[in-house]
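Visitor: Please pick one part of this model and take me through it closely. I'd like to hear how that part connects to whatever lies around it.

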Amino acid sequence: MEQNEIKPTEKRSFIRQILESIDDETISFAGGLPDESLFPIEDLAKASEQVFKNKKHFQYTISNGITPLREKIAKFYSDEGFETKPSNILITTGSQQALFIIAKYFQNKEIVIEKPSYLGAVNIFKMNNLSMRPVALDYDGINIKEFNNIYPSIKLAYLIPDFQNPKGSLYSQEKRDEIVKTVLEHKGYIIEDAPYSELYFEQKAKSISAKIPNYSFHLGSFSKTLSPSLRIGWVRANEEIIAQLTQIKETIDLHSSGISQYILDEYLKDENRYKKHLELLRYEYKNKMEYFIKSLQEELPNFVFEKPKGGMFVYGKLEGIDTKALVYKALKKKVVYVPGVEFYLDDNVSDEIRFNYTHSTKEEISIGLQRLKSILKG
Ligand SMILES: Cc1ncc(COP(=O)(O)O)c(C=O)c1O
């Protein structure tokens, strides 16, 4: 019997190769990892203790996610004026799974993506045979002229409007409004991936989906705000679509970890505590971002970038430098980042870099950037 071909994901294997060669002495600006010292471990331990008292929490549960947690997530939306019911929410195993389920739902279709885009999504789209149409991304959002040219015939787009991965870009309100207009006019869909939305430094941007609730998939996650290891994310969409997505999810894993859901639900009962935690994250990440860019300006003055307004990444270019070739030298000097070319479908961009600034300590940031500087000098 002939086997179906699994689409090769070369770029993924390059990043895996980088991540696998990281040892304890290597300073990594590569992964999109939160600062471990900010995980609210004591509060999560208290929540777990409560959860572990009830045997029922160890039983199978429903596929769309436990009701009290869906109620709390729905309330986050409604409190911001985006009317949402628990039946609009499907809890998923990270937002990564939400992307997979939605890609399955739209398999074999065409999809507009940003250029550059999140590699984890690109690989899912490849797996599900979605044909991708990249549109240039500026620091204030997708190029609207290009978007308006190709969206009408495709009617599906994958966007990361808040502090994009990899670029860190934030869509302007004007661009958000333009997208709403185009989607409504052509009755298409957008997938709005928003794992970084709460990590803003100034003010929270308004989601595009709020204005097109029946034409959008809004994705959220606790990975960047609480802990990625819990593996809990969600998708917000209209009820009929949620019912269909739930059927797909059921075939994948029956349901996301019940224990993780109960722990999150218990933790979120104290709404104020979660709000304070988010404020702390914003404060600490802004502080680290300022430190990172100050160090960049001192150690790598030729690195051209835009100052991030939130999220976890600073993105830019070292004009004339092949950053993929440089990463091998960097690994030998025990520092690592992701070359920008990895986030494009083609290999035309060679001098861009994505740095993660949230995971390393300030001391590691200084040492890591000094190591890079010494390679560039040598
Ligand atoms: C844009 C984007 N979407 C989705 C994910 C997946 O996150 P998770 O599955 O942990 O919620 C990530 C992780 O880095 C991401 O950057």
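Guide: Let's agree on one term first: two residues are in contact when their C-beta atoms, placed from the backbone, lie within 7 Å. Keep in mind, too, that this is a predicted model.

By that rule, P134 is in contact with I113, K115 and L345, once its neighbours within four places in sequence are left aside. P134 sits in strand β4, and that's a handy way into the part I'd like to show you, the sheet. P134 is partly exposed because 19 other C-beta atoms lie within 10 Å, while a buried residue needs 20 or more. If you want a sense of distance, try G168: it is 34 residues from P134 in sequence, and the two C-alpha atoms are 17 Å apart in space.

Now step back to the whole sheet. Eight strands make it up, it is open, its pairing is mixed, and the order reads β2-β9-β8-β7-β6-β3-β4-β5. At the edges stand β2 (89-92) and β5 (141-142); each has a single partner strand, so one side of each is left without a neighbour in the sheet. As a reminder, strands of a sheet pair through backbone hydrogen bonds, either parallel or antiparallel.

Start with the pair that includes our proline's strand. Strands β3 (residues 110-115) and β4 (residues 131-138) run parallel and are joined by six bridges. One place to look is E114, whose bridge partner in β4 is V135. Just where β3 ends there's a backbone oddity: the peptide bond from K115 to P116 is cis, with omega near 10°. P116 belongs to the loop between β3 and α5 (119-127). Follow the chain on to the loop between α5 and β4 and you come to N129. Its phi is positive, about 60°, although N129 is not a glycine. N129 counts as exposed because it has 12 C-beta neighbours inside 10 Å.

Next, move along to β7 (residues 189-193), a strand that is mostly covered: five of its five residues are buried. In a regular strand the side chains alternate between the two faces of the sheet. In β7 both faces are covered, with Y189, I191 and D193 buried on one side and I190 and E192 buried on the other. On one flank, β7 pairs in the parallel sense with strand β6 (residues 156-159) over four bridges; here L156 has Y189 as its bridge partner in β7. To get from β6 to β7 the chain passes through helix α7 (residues 173-186), in a β-α-β crossover that is right-handed. There is also a parallel pairing with strand β8 (residues 216-221), again joined to β7 by four bridges. There, E192 finds its bridge partner in H218 of β8.

The loop between β6 and α7 deserves a stop of its own. F163 is found in this loop, and its phi is near 55°, a positive value in a residue other than glycine. F163 counts as buried because there are 25 C-beta neighbours inside 10 Å. P166 lies in this loop as well, and a cis peptide bond joins N165 and P166, with omega about 15°.

N165 brings us to the ligand, since it is among the closest of the 14 residues that surround it, along with G94, Q96, S221 and S223. That shell divides into four nonpolar, nine polar and one charged. Helix α4 gives the most to the shell, with three residues.

Finally, what packs around here? The largest nonpolar core has 61 residues, and I102 and V235 touch the most other members. Helix α4 (residues 94-105) turns up again, giving the largest share of this core, six residues. Beyond its neighbours within four places in sequence, I102 is in contact with I191, F217, V235 and L245. I191 is one of the buried β7 residues we met earlier. Another core lies apart from this one; it has 33 residues, among them L281, Y337, I353 and L372.

Note on methods. Residues are numbered from 1 along each chain as its sequence is written. This is a predicted model: local features need pLDDT of at least 70, side-chain atom pairs count only at pLDDT 80 or more; totals for chains, interfaces and linings use all residues. A nonpolar core is a set of buried Ala, Val, Leu, Ile, Met, Phe, Trp, Tyr and Cys residues joined through C-beta atoms within 7 Å. Helices (H or I, at least four residues) and strands (E, at least two) are DSSP runs, numbered from the N terminus. Two strands pair if DSSP finds at least two bridges between them. A residue is near a molecule or strand if its C-beta atom, placed from the backbone, lies within 6 Å of it. Ala, Val, Leu, Ile, Met, Phe, Trp, Tyr, Cys and Pro count as nonpolar, Asp, Glu, Lys and Arg as charged, and the others, Gly among them, as polar. A crossover is right-handed if, with the strands pointing away from the viewer, the path from the first strand over the helix to the second runs clockwise.
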